[in-house]
Amino acid sequence: MSLAFEGVTQRFGEVTALEDVSLSVAPGEIVALLGQSGCGKTTLLRLAAGVERPSAGKVLLEGREVSAPEDFVEPEQRGVGLVFQDYALFPHLTVRENVRFGLRGYDAASADATALRAIARVGLADLADSYPHMLSGGEQQRVALARAVAPRPGVLLMDEPFSNLDRRLRDVVRDETAALLEETGATSIIVTHDPEDAMRIADRIVLMRAGRIVQIGSGEELYRRPVSLFAARFFCDFSEIAGIVRRGAVDTPIGSFPAPGLAEGSQAVVCVRPHLIRLVPKGYHLPARIVTRRFLGEVDHVLLAVDGLDKPLVARISLLGSIREGEEVGIDIATDEVLVFPAGDT
């Protein structure tokens, strides 16, 4: 199914959770709603499911409005699957019974066979007769996913589906979920506050803030070409350096960086990603001193003191070898990937 929101606004008393939001999701597309808590992403998901009715605007499935007050389509009639943050499994039912619960309109034999196919699809065939309390967090998440996809919904809605998993398990379950979504071909919306979740699983990311859409695009587009400092910060922890625009560039203690479109004399913020900094021998490029170095496995996390800066530069550098804290070095920065924004553009 295609899914669309047209000028959707949602108010709860004096609180506006969504303000004039429009978004179209193509059939089979996987879209991530990304943002901080309270930005409106879960509210948008609930409107799609029919759990809530919009204060204004339209929700459309396959081009048909399903949110009109006089012709409101109830959740169970929308052909929408739901995966909740807490999985919402029935503790007194087995895995098989939990998955079979949503298969209304099936005879007993067909429901059982369909449930077992969905369970096998998520790799839990051996646990079909187990109860939720006997399963790990990752296994419970897979059961919730199997229950949602078993009726073959046209739209699958997932609310923070990986937030209760530890980091290592989260990576595994997230990749398995992405593969399952590709296999089923369901139009999918995933709510998350984690940009890595969004980039690894979604075709497009919708970044939200305070009930509005900030930017829409692929993970690479939002990472490389953020429209604001707020959007940029969501995808990377920068070293941020203030400066003044002079003759189309921002002069800072670490160099001059192009500032196209910014007014002469205006204040700006230069954002340097940690991986853009390269260490070179002392005497080359910009002088700096290693304040701290922490081994993180594939990279070292390094803080670099530079004359003229109030705070150290943050760098993530591979294979530092014998370089030690307190050592004088040079630093080289890939200026073509440095981002510049107007000060206050948050």
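Student: What joins the side chains of arginine 142 and glutamate 176?

Tutor: A polar contact of 3.1 Å joins these two side chains; the term covers a pair of N or O atoms within 3.5 Å, where within protein one must be able to donate a hydrogen and the other to accept it, and residues adjacent in sequence count only if both atoms are side-chain atoms. The model is predicted, so local features need pLDDT of at least 70 and side-chain atom pairs count only at pLDDT 80 or more, while totals for chains, interfaces and linings use all residues. Residues are numbered from 1 along each chain as its sequence is written, and side-chain values use heavy atoms, with hydrogens and water left out.

Student: Why is arginine 142 called buried?

Tutor: Arginine 142 has a relative accessible area of 17%, and buried means under 20%, exposed over 50% and partly exposed in between, with a 1.4 Å probe and protein chains only; arginine 142 is therefore classed as buried. Its place is in helix α4, residues 137-149, where helices (H or I, at least four residues) and strands (E, at least two) are DSSP runs numbered from the N terminus. Leaving aside neighbours within four places in sequence, arginine 142 is in contact (heavy atoms within 4.5 Å) with Val122, Gly123, Leu124 and Glu176.

Student: What makes α1 mostly covered?

Tutor: Seven of the nine residues of α1 are buried, namely Lys41, Thr43, Leu44, Leu45, Leu47, Ala48 and Ala49. The helix is followed by glycine 50, whose phi is positive, near 90°.

Student: How do you know that β1 and β4 pair, and which way do they run?

Tutor: Two strands pair if DSSP finds at least two bridges between them, and five bridges join β1 (residues 3-12) to β4 (residues 56-61), so the criterion is met; the two strands run antiparallel. Leucine 3 stands opposite leucine 61 in β4.

Student: Why does the core with Val99 and Leu156 lie between two domains?

Tutor: This is the largest nonpolar core, with 53 residues, and Val99 and Leu156 have the most contacts inside it; such a core is a set of buried Ala, Val, Leu, Ile, Met, Phe, Trp, Tyr and Cys residues joined through side-chain atoms within 4.5 Å. Domain 1 (3-231) and domain 2 (237-342) both give residues to this core, so it lies between them, the bounds coming from an automatic or database domain assignment. A second, separate core of 28 residues includes Ile254, Ala259, Leu309 and Ile323.
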